[in-house]
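Let's take a friendly walk through a protein model. Have a look at the sequence and the 3D view, and then read on.

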Amino acid sequence: MPNEVYADMPTDPAAQSSRHNAAPSARFEALVLPYLDAAYNLAHWLTRNPTDAQDVVQEALLRALRYFDSFRGGDVRVWLLAIVRNTYYSWRTRSAHDPQLTGWDDDAHPQVDETPSPETLTLLAVDIDALRHALDRLPPPLREVIVLRELEECSYKDIATITEQKIGTVMSRLARARERLKVELTCHPKEVRRHDVR
């Protein structure tokens, strides 16, 4: 029938282009947006400021969307957290000079005995605010690995991918971060309080 209109054949080129762009956008939203909280959490611990964290996440999401075509599968969360981390360091480079970001040398900070782990010691002895303040005082290379491991529950392999470090470096930084965390918590006794354990 010559007058019949086919619904699936758009006559408007703009409508056809819009439909073509909607598919990658919907895929991006479905795969990436579920990890928005993890992205903000990492950005917040790195920037230590909610407004700056929002800026870093927003810029990271724009980068992720721009380069989403280059994502070839794998763990989307790891891919997104790597973008957030890289965005943070780019953002800090553009911002005022941060002495904590320069001069971190893994060899200059020897690994200390890990037994017992600070997590075990602090869970019963420290309130959440004290732990937050102690994490805040860690240098960014140590803070990021402990946040990724303990708060985001990333594997060593995932952390190595996100931070672009070898697994051995990740493990030694994590050990140093735990030791520094223990030191930070014991050096600030006014922040420590015993919880009754019954």
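What follows goes from the overall build to the core, and then to a few individual residues.

**The overall build**

Keep in mind that this is a predicted model. The protein has nine helices and zero strands, so the pattern along the sequence is simply α-α-α-α-α-α-α-α-α. Of its 198 residues, 39% are buried. The exposed surface comes to about 12,200 Å², and carbon and sulfur atoms supply 54% of that area. Among contacts with a separation of 6 or more, 73% join residues that are 24 or more positions apart in the sequence.

**A helix wrapped up by the others**

Which helix gives the most to the largest nonpolar core? It is α4, with eleven residues. Helix α4 runs from residue 76 to 94 and spans 27 Å from its first C-alpha to its last, close to the 27 Å expected for its 19 residues at 1.5 Å a residue. In α4, 15 of the 19 residues are buried, so this helix is largely enclosed by the rest of the structure.

The core itself holds 45 residues, and V32, W79, V84 and I146 have the most contacts inside it. Elements giving two or more residues to this core include α1 (13-32), α3 (50-66) and α8 (156-163). This fits a broader habit: in soluble globular proteins, nonpolar side chains tend to be buried together. To see one of these core residues at work in the model, find V84, which touches A39, L42, A43, V56 and A60, leaving aside residues up to four places away in sequence.

**A helix with one buried side**

Helix α6 covers residues 128-137, and its buried residues are A130, A134 and L135. Why do these residues sit on the same side of α6? They cover an arc of only 135° around the axis, which puts them on the same side of the helix. An α-helix has 3.6 residues a turn, so residues three or four places apart point the same way. The buried residues of α6 pack against α2 (36-47), α7 (140-151) and α9 (167-187).

**Side chains that reach the backbone**

At the start of α4, a side-chain oxygen of D75 comes to within 3.0 Å of the backbone nitrogen of R77. R77 lies in α4. Is R77 buried or exposed? With a relative accessibility of 16%, R77 counts as buried. Leaving out residues up to four places away in sequence, R77 touches Y35, E152, E153, C154 and D158.

N49 offers another case, this time in the loop between α2 and α3. N49 is partly exposed, with a relative accessible area of 26%. Its side chain has a polar atom 2.8 Å from the backbone nitrogen of T51, and the side chain of N49 also reaches the backbone nitrogen of D52 at 3.0 Å.

**Two loop residues with positive phi**

E153, a contact of R77, has a positive phi although it is not a glycine. E164 also has a positive phi and is not a glycine. The table sets out their values.

| Residue | Phi | Place | Relative accessible area |
|---|---|---|---|
| E153 | about 55° | loop between α7 and α8 | 65%, exposed |
| E164 | about 60° | loop between α8 and α9 | 60%, exposed |

To finish, look back at α4 in the viewer: R77 lies in this helix, and α4 gives eleven residues to the largest nonpolar core.

How values were computed. Residues are numbered from 1 along each chain as its sequence is written. This is a predicted model: local features need pLDDT of at least 70, side-chain atom pairs count only at pLDDT 80 or more; totals for chains, interfaces and linings use all residues. Side-chain values use heavy atoms; hydrogens and water are left out. Helices (H or I, at least four residues) and strands (E, at least two) are DSSP runs, numbered from the N terminus. Buried means under 20% relative accessible area, exposed over 50%, partly exposed in between (1.4 Å probe, protein chains only). Contact means heavy atoms within 4.5 Å. Accessible areas come from the Shrake-Rupley method with a 1.4 Å probe; for residues, only the protein chains shown count as cover. The arc is that of the directions from the helix axis to the C-beta atoms. The expected span of a helix is 1.5 Å times one less than its number of residues. A polar contact is a pair of N or O atoms within 3.5 Å; within protein, one must be able to donate a hydrogen and the other to accept it, and residues adjacent in sequence count only if both atoms are side-chain atoms. A nonpolar core is a set of buried Ala, Val, Leu, Ile, Met, Phe, Trp, Tyr and Cys residues joined through side-chain atoms within 4.5 Å.
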